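Dear colleague,

I am passing on the structure we talked about, and my notes on what the calculation gave follow directly below it. Please read them with the model open.

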Amino acid sequence: MLLKLTNLSLVESCQGLAALSEGKLLINTINAHSYNTAQKDRLFAEALQRGDVLIPDGASIVKACRWLNARSKPAERIAGWDLFEFEMNRLNRRGGKCFFMGSSEKVLALIKRRAAVDFPHIEVETYSPPYKPEFSEEDNRAIVEAINKANPDLLWIGMTAPKQEKWAYTHWNELNIHCHCGTIGAVFDFYAGTVKRAPVWWQRHSLEWCYRLLKEPRRMWRRYIIGNLLFLWNICKE
């Protein structure tokens, strides 16, 4: 297997986010879908294992770590949204600049408008990359230059997994930043309001995946029905 839950070092609770060191940190999330994807994508598996911080964004990951008696046994799920709220509130308290890289100009404009109200002490800059499966060298250079020029105090990358994790990992040494960087694709849409997040009851009962499946069955059935069975099979193999 390219990625084993038993060997991963995970943040074990939301309180653990406060203990993360200052400075340049690459923060990724892992859920059942990304765990499955990493079994057939070597670069993605490497990005998840060699990033600085990995958070368990899925109740299935939390339960599987217990079943496997893994090195890390998270006490709770830490969603990408939890990371986003924690980091944004912390930066807002001291003031600074946040950079959102990814998604469309429409979504980024909505994010900027909402952030101005929710986080008045944060200056927000954005960059929408070209919409294509793979970026050219010129595209990558332009993205890196935009981030470095902004010199943010917090960086979010949102291009869906595994593209966002692989991009951040591949270009990490080119980014001359001094801050935390989180790869949180779906959160861009949730925060902009272009995709509705599951109500709190569904979240508390580990059914956020089911809510998304009911909302978008045609797009999500393979990920959640076949994907969940594949996750169980992969965990049994571990």
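The buried residues of α8 pack against α4, β3, α5, β5, α7 and β6 (180–183), where packing rests on contact, that is, heavy atoms within 4.5 Å. Helices (H or I, at least four residues) and strands (E, at least two) are DSSP runs numbered from the N terminus, and buried means under 20% relative accessible area, exposed over 50%, and partly exposed in between, with a 1.4 Å probe and protein chains only.

This is a predicted model, in which local features need pLDDT of at least 70 and side-chain atom pairs count only at pLDDT 80 or more, while totals for chains, interfaces and linings use all residues. Residues are numbered from 1 along each chain as its sequence is written, and side-chain values use heavy atoms, with hydrogens and water left out.

To stay with α8 for a moment, six of its eight residues are buried, so this helix is largely enclosed by the rest of the structure; the buried ones are G185, V187, F188, F190, Y191 and A192. Just after α8, G193 takes a positive phi of about 90°.

The same helix contributes to the largest nonpolar core, as α8 (185–192) is one of the elements that each supply at least two residues, along with β1 (25–30), β2 (53–56), α4 (80–94), β3 (96–102), α5 (105–118), β4 (122–127) and β5 (154–158). That core has 30 residues, and M88, F100 and W156 are those with the most contacts inside it; a nonpolar core is here a set of buried Ala, Val, Leu, Ile, Met, Phe, Trp, Tyr and Cys residues joined through side-chain atoms within 4.5 Å. If residues up to four places away in sequence are not counted, W156 touches L83, F84, E87, M88, C98, F99, F100, M101, G182, I184 and F188. In soluble globular proteins, nonpolar side chains tend to be buried together.

One of the residues touched by W156, E87, also takes part in a salt bridge, with R90 as its partner and the closest N and O atoms 3.3 Å apart. A salt bridge is a side-chain nitrogen of Lys or Arg within 4 Å of a carboxyl oxygen of Asp or Glu, and the structure holds ten of them. E87 and R90 both lie in helix α4, three residues apart, or about one turn of the helix, and both are buried, E87 with a relative accessible area of 5% and R90 with 14%.

K166 forms another salt bridge, with D41, the closest N and O atoms being 2.8 Å apart. Since K166 lies in helix α7 (residues 163–170) and D41 in the loop between α1 (32–38) and α2 (42–50), the pair ties together parts that are 125 residues apart in sequence. K166 is partly exposed at 22% relative accessible area, whereas D41 counts as buried at 16%. The side chains of E216 and R219 also meet in a salt bridge (2.9 Å, N to O), with E216 partly exposed at 28% and R219 exposed at 53%. In addition, salt bridges that share partners join D57, R77, R197 and E208 into one network.

On the surface, W67, W221, I225, I226, L229 and L232 make a nonpolar patch of about 640 Å². Patches are made of residues with over 30% relative accessible area and no salt bridge, like charges being joined within 9 Å and nonpolar side chains (Val, Leu, Ile, Met, Phe, Trp, Tyr) within 5 Å; accessible areas come from the Shrake-Rupley method with a 1.4 Å probe, and for residues only the protein chains shown count as cover. Helix α11 (residues 217–237) gives the largest share of this patch, five residues, and L229, which is found in α11, is exposed with a relative accessible area of 57%.

Some backbone details may deserve a look. A cis peptide bond joins A161 and P162, with omega of about 5°, and P162 is found in the loop between β5 and α7. S103, although not a glycine, has a positive phi of about 65° and lies in the loop between β3 and α5. S206 is likewise not a glycine and has a positive phi of about 60°; its place is in the loop between α9 (200–204) and α10 (208–215).

Finally, a disulfide is a pair of cysteine sulfur atoms within 2.5 Å, and by this rule the count comes to zero. The sulfur of C14 is 15 Å from the closest cysteine sulfur, in C65, which is too far for a bond.

With best regards
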